[in-house]
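This briefing introduces a protein model for a reader in the first year of study. Please examine the sequence and the structure below before reading on.

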Amino acid sequence: MSLLAKGLLLGALQLALAAGVGAKFLYDRAHYPRVWVETAPFDPDLPIRGRYVSLTVLVDAERAPVTRPRPPQQPEMFFGDLEVRDGRLVAVEAPEGRHWVASRRRGDLDQWQLAEPVAYFIPEHVDDPSIRPPGETLWVEVTVPPTGAPRPIRLGVMRGTELSPLSLR
């Protein structure tokens with residue numbers, strides 16, 4: 001086999017791998033539930049990975065009541081699976097769950113969040129979408145596959161009770 005043939009074969013293999021990943025994501029978007037969830041963004045730029053926003057996904061939690069005392073500053077955690085119910089992302093406690101869910105103090109409220117953040121990559125010329133003025137919160141539309149973390153699709157901003165998708169072009 002000549003060098004040209006080997007190079008073309010390698011290029012075709014790489015193209016097939018990339019197309020397979022893209023096809024899987026398109027299939028997931030078409031067949032698995034999608035939902036808008038509130039986020040707690042942080043760390044918008046890491047030079048080795050490019051420009052992105054790390055998003056901590058806030059969820060509702062369904063779990064057994066806690067009977068053991070814990071120190072006030074220590075977050076409570078449990079394993080859970082994710083479900084979409086009535087347009088909300090819900091973490092359901094399950095001993096064999098796929099996700100760590102942790103409590104989080106936000107102002108006067110206790111909220112639940114996925115312990116593993118998701119990354120949303122943004123173009124270099126766009127202002128950081130995680131910096132929001134008072135009265136606005138950043139939301140993300142995600143696909144919720146049966147295994148693995150939620151996959152971000154697009155960002156949006158909640159102003160009052162109105163959710164508007166962001167255009168990051």
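K24 forms a salt bridge with D28, and their closest N and O atoms lie 3.1 Å apart; a salt bridge here is a side-chain nitrogen of Lys or Arg within 4 Å of a carboxyl oxygen of Asp or Glu. The model is a predicted one, in which local features need pLDDT of at least 70 and side-chain atom pairs count only at pLDDT 80 or more, while totals for chains, interfaces and linings use all residues. Residues are numbered from 1 along each chain as its sequence is written, and side-chain values use heavy atoms, with hydrogens and water left out.

**The K24 and D28 salt bridge**

- Because K24 and D28 are four residues apart in helix 1, about one helical turn separates them; helices (H or I, at least four residues) and strands (E, at least two) are DSSP runs numbered from the N terminus.
- D28 is buried, at a relative accessible area of 2%, whereas K24 is partly exposed, at 43%.
- In these terms, buried means under 20% relative accessible area, exposed means over 50%, and partly exposed lies in between, with a 1.4 Å probe and protein chains only.

**Other salt bridges**

- How many salt bridges does a search of the whole structure find? The search finds eight.
- R88 and D60 meet through their side chains in one salt bridge, at 2.3 Å from N to O.
- This pair links distant parts of the chain, since R88 belongs to strand 5 and D60 to strand 3, 28 residues apart.
- R88 is partly exposed at 39% relative accessibility, and D60 is partly exposed at 31%.
- A further salt bridge joins the side chains of R159 and E136, at 2.7 Å from N to O.
- R159 lies in strand 10 (residues 151-159) and E136 in strand 9 (residues 136-143), so this pair ties together parts that are 23 residues apart in sequence.
- E136 counts as buried at 17% relative accessibility, while R159 is partly exposed at 39%.
- K24, D28 and R151 are joined into one network by salt bridges that share partners.

**Overall architecture**

- The protein has one helix and 11 strands.
- Starting from the N terminus, its elements run α-β-β-β-β-β-β-β-β-β-β-β.
- The protein has 169 residues, of which 34% count as buried.
- Among the contacts with a separation of 6 or more, 56% come from residues 24 or more positions apart; a contact means heavy atoms within 4.5 Å.

**Surface**

- The protein exposes about 10,900 Å², and carbon and sulfur atoms supply 58% of this area; accessible areas come from the Shrake-Rupley method with a 1.4 Å probe, and for residues only the protein chains shown count as cover.
- L10, L13 and L17 form a nonpolar patch on the surface, with about 310 Å² of accessible area together.
- Patches are made of residues with over 30% relative accessible area and no salt bridge, where like charges are joined within 9 Å and nonpolar side chains (Val, Leu, Ile, Met, Phe, Trp, Tyr) within 5 Å.
- L10 lies in helix 1 (residues 3-31) and is partly exposed, with a relative accessible area of 48%.
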